[in-house]
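Student: I would like a close look at a single part of this model, taken one residue at a time and then outward to what surrounds it. Please keep it plain.

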Amino acid sequence: MKIHFIPYIILFVIFLSCVDKKNINETVLYPFEISPSKPSFNSIKFIALETDSSNLLSGDLRIKFSENNIYVADLKVHESIFRFDKMGNYLNKIGTKGKGPNEYIKLKDFTIKLDTIDILSGAGSKTYITGFKSDGTFLYKREFEIIAFSFEYFQGNYLFYTSYNKAFHPYRIYLADNLGKTIKTFLPNNNNLNLPVEENNFFGLDSILVFKEAFNNTIYTYYKNNVNPTYSLNFGKYTIPDKFFKMKLMEGFELINKNGFGNIRNCYENASFIVFDINVQKQEEFSIYHFIYNKNTQRSKLIAYKKDEISIFKNLISLTKENELVYLVFPEEIIEKQEEMKSFYLENPQMLSSFNENSNPILAFCKINLD
C-alpha cells in the first residue's frame with residue numbers, strides 16, 4: 001500500500017513554541033503553546049507565472065528556485081517541468097513522460113544542479129535519474145538498484161528516500177554516488193510500520209539541507225555525509241501514540257484520526273529562520289498552521305488557518321535567503337480576496353488587476369514579520 005500525501009489526509013505529529021534541549025544538537029519546539037495569529041508581513045511582492053496554451057498548469061505543483069530561474073513541476077497533468085525566469089516569463093519545458101530513451105516513466109521528484117535538472121522516476125525495483133540541461137536538452141539516464149520516492153543532489157552525491165518500505169529496504173535514506181554505488185545508509189526501518197509514503201522530504205537552500213518524513217517528529221539536517229537530528233516537534237495531545245506502530249494499518253489510522261494527529265507538510269530553513277508547514281486533522285476537520293522560528297533570537301510566531309477559512313497564504317512552498325516566505329496562490333483566490341489584500345503593503349499592487357481565472361498560479365514573496 002503506497003500513500004500519496006494530500007494536505008487534508010496526512011498523518012503524523014508536531015508542536016512548538018517554547019524551546020528546550022533534547023541533546024546538544026537537538027532543539028525541542030512547542031508550536032501550540034503560543035497563541036495563533038493571522039498572517040502579517042512587512043511586504044508582499046507578486047510574481048505571475050506567464051500563461052500560454054502550452055504551459056497551463058494544474059493544481060498539483062512542486063516548485064524550486066535557482067539563482068536565475070523558477071522551475072515548476074506539474075505532477076498531475078503534464079508530468080513535466082516548466083522553466084520561468086525570475087520575473088515569471090516562460091522560457092521552456094523540460095522532459096517528457098514516456099517510454100522512449102530520452103523520456104521517463106513518471107515524474108516523482110526533481111532537483112537542480114547548476115544548469116542541470118535531474119528527474120526522478122522508477123519502475124519495479126529500479127530508480128532512474130534522467131538529466132537535462134535547463135534548456136530541455138537531454139543529457140543522460142542513470143539507473144539505481146533502489147525504490148526511491150524522493151531525492152536530492154547535495155555536495156556531489158545523491159540522497160534517496162525509500163520511506164517505510166521495510167519489505168525492500170532496511171534503511172529509509174540511502175547516500176549514493178553518480179554511478180549508483182551506495183556510500184552510506186541512514187534511519188533503519190526497525191519498527192512494525194511497512195508503508196511506503198510518497199511525499200516531499202528534502203528541502204535545500206545554499207549549504208543547508210533539511211529532511212523530514214511522515215510519522216516522525218524529528219527534523220534532520222544533512223551535513224558532512226551524516227544525517228543529524230536538529231529539531232524535535234512536540235505535538236502534545238495530537239502526538240501519535242507508540243501503539244499505532246504496532247497495530248494493523250487501518251486500525252491504526254482509525255485510532256489517530258479519531259484522536260486527532262498532526263503532520264509536517266513542509267519544512268524550510270535559512271541562516272536565520274526555520275519554518276514549519278503543519279497540518280492537524282481530527283475526523284474530517286483539518287487546520288493548517290505555519291510556525292516561524294528565529295534561530296538567532298528564539299522569537300517565534302504561529303499563523304493559523306482554520307477549517308473552511310479561505311486565505312491566499314495557505315500553500316507555503318519555500319523560504320528565501322532574504323527571509324521571505326513564498327506562497328503559491330491561484331488567481332481565483334486573488335480575485336476573491338482583493339479587499340483583504342489592501343490591508344497588506346504590496347510592492348507591486350498593479351499586479352492585482354492583471355490576473356484572470358484562467359491564468360497560471362502566482363507566487364507571493366512575503367517578508368517575514370514576527371510582530
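Tutor: Take N266 as the starting point: in this predicted model, N266 is buried, with a relative accessible area of 13%. The cut-off for calling a residue buried is under 20% relative accessible area, so N266 at 13% counts as buried. The residue lies in strand β22. Leaving out residues up to four places away in sequence, N266 touches N200, F203, K212, V275, F276, D277 and L316. T239, in contrast, is 27 residues from N266 in sequence, and the C-alpha atoms of the two are 18 Å apart in space.

Next comes the sheet that holds this residue. β22 belongs to an open sheet of four strands in the order β22-β23-β24-β25, and the pairing is antiparallel. β22 (261–269) and β25 (300–305) stand at the edges with a single partner strand each, so each has one side without a neighbour in the sheet. From one strand to the next the twist averages 20°.

Within this sheet, β23 and β24 (residues 285–294) pair in the antiparallel sense over ten bridges. D277, which is among the residues that N266 touches, stands opposite H290 in β24.

A helix lies on part of this sheet. α1 lies across β22 and β23, and runs at about 100° to β23. α1 covers residues 249–259, and its buried residues are G252, F253, L255, I256 and N257. An α-helix has 3.6 residues a turn, so residues three or four places apart point the same way. After α1 comes G260, which has a positive phi, near 95°.

The core can be read from the same region. The largest nonpolar core has 49 residues, and those touching the most other members are I44, F46, F276, F313, L325, Y327 and M341. Strand β23 (residues 273–282) gives the most to this core, with six residues. F276 is also one of the residues touched by N266. Another core lies apart from this one; it has 25 residues, including Y164, L193, V197 and Y220.

I44 shows what surrounds one of these well-connected core members. Neighbours within four places in sequence aside, I44 is in contact with F313, M341, F344, Y345, L346, E347, N348, A364, F365 and C366. Of these contacts, F313 and M341 are also listed among the core members that touch the most others.

Y220, named in the other core, leads to a cavity. The count comes to one cavity of 30 Å³ or more, and about 30 Å³ of space lies in the largest cavity. The residues lining this cavity are F202, L209, F211, Y220, T221, Y222 and V227. β19 (208–211) and β20 (218–223) each supply at least two residues of that lining. The largest share, three residues, comes from β20.

A second buried asparagine can be set beside N266. N165 is buried, with a relative accessible area of 6%. Where N266 lies in a strand, N165 lies in the loop between β14 and β15. Residues up to four places away in sequence aside, N165 touches I147, F149, N189, N194 and P196.

The strands on either side of that loop belong to another open sheet, with four strands in the order β13-β14-β15-β16 and antiparallel pairing. Its edge strands are β13 (150–154) and β16 (182–188), each pairing on one side only. The twist in this sheet averages 20° from one strand to the next.

At one edge, β13 is mostly covered, with four of its five residues buried. Five bridges join β13 to β14 (residues 157–161), and the two run antiparallel. S150 is the residue opposite Y161 in β14. The two strands form a hairpin with two residues between them, and Q155 in the turn has a positive phi of about 55°. At the other edge, five bridges join β15 (residues 171–176) to β16, again antiparallel. There, I173 has F186 in β16 as its bridge partner.

To return to the starting point, N266 is buried in strand β22, an edge strand with a single partner, and α1 lies across β22 and β23.

Conventions. Residues are numbered from 1 along each chain as its sequence is written. This is a predicted model: local features need pLDDT of at least 70, side-chain atom pairs count only at pLDDT 80 or more; totals for chains, interfaces and linings use all residues. Side-chain values use heavy atoms; hydrogens and water are left out. A nonpolar core is a set of buried Ala, Val, Leu, Ile, Met, Phe, Trp, Tyr and Cys residues joined through side-chain atoms within 4.5 Å. Buried means under 20% relative accessible area, exposed over 50%, partly exposed in between (1.4 Å probe, protein chains only). Contact means heavy atoms within 4.5 Å. Two strands pair if DSSP finds at least two bridges between them. Axes are lines fitted to C-alpha atoms, for helices over the stretch in contact, and angles run from 0 to 180 degrees between N-to-C directions. On a 1 Å grid over the protein atoms alone, a cavity is a set of points where a 1.4 Å probe fits but cannot get out, and a pocket is an open set with protein on both sides within 12 Å along at least five of seven lines; lining residues have an atom within 4 Å of a point. Grid points are joined across faces, edges and corners, and a volume is the space filled by probe spheres set on the points.
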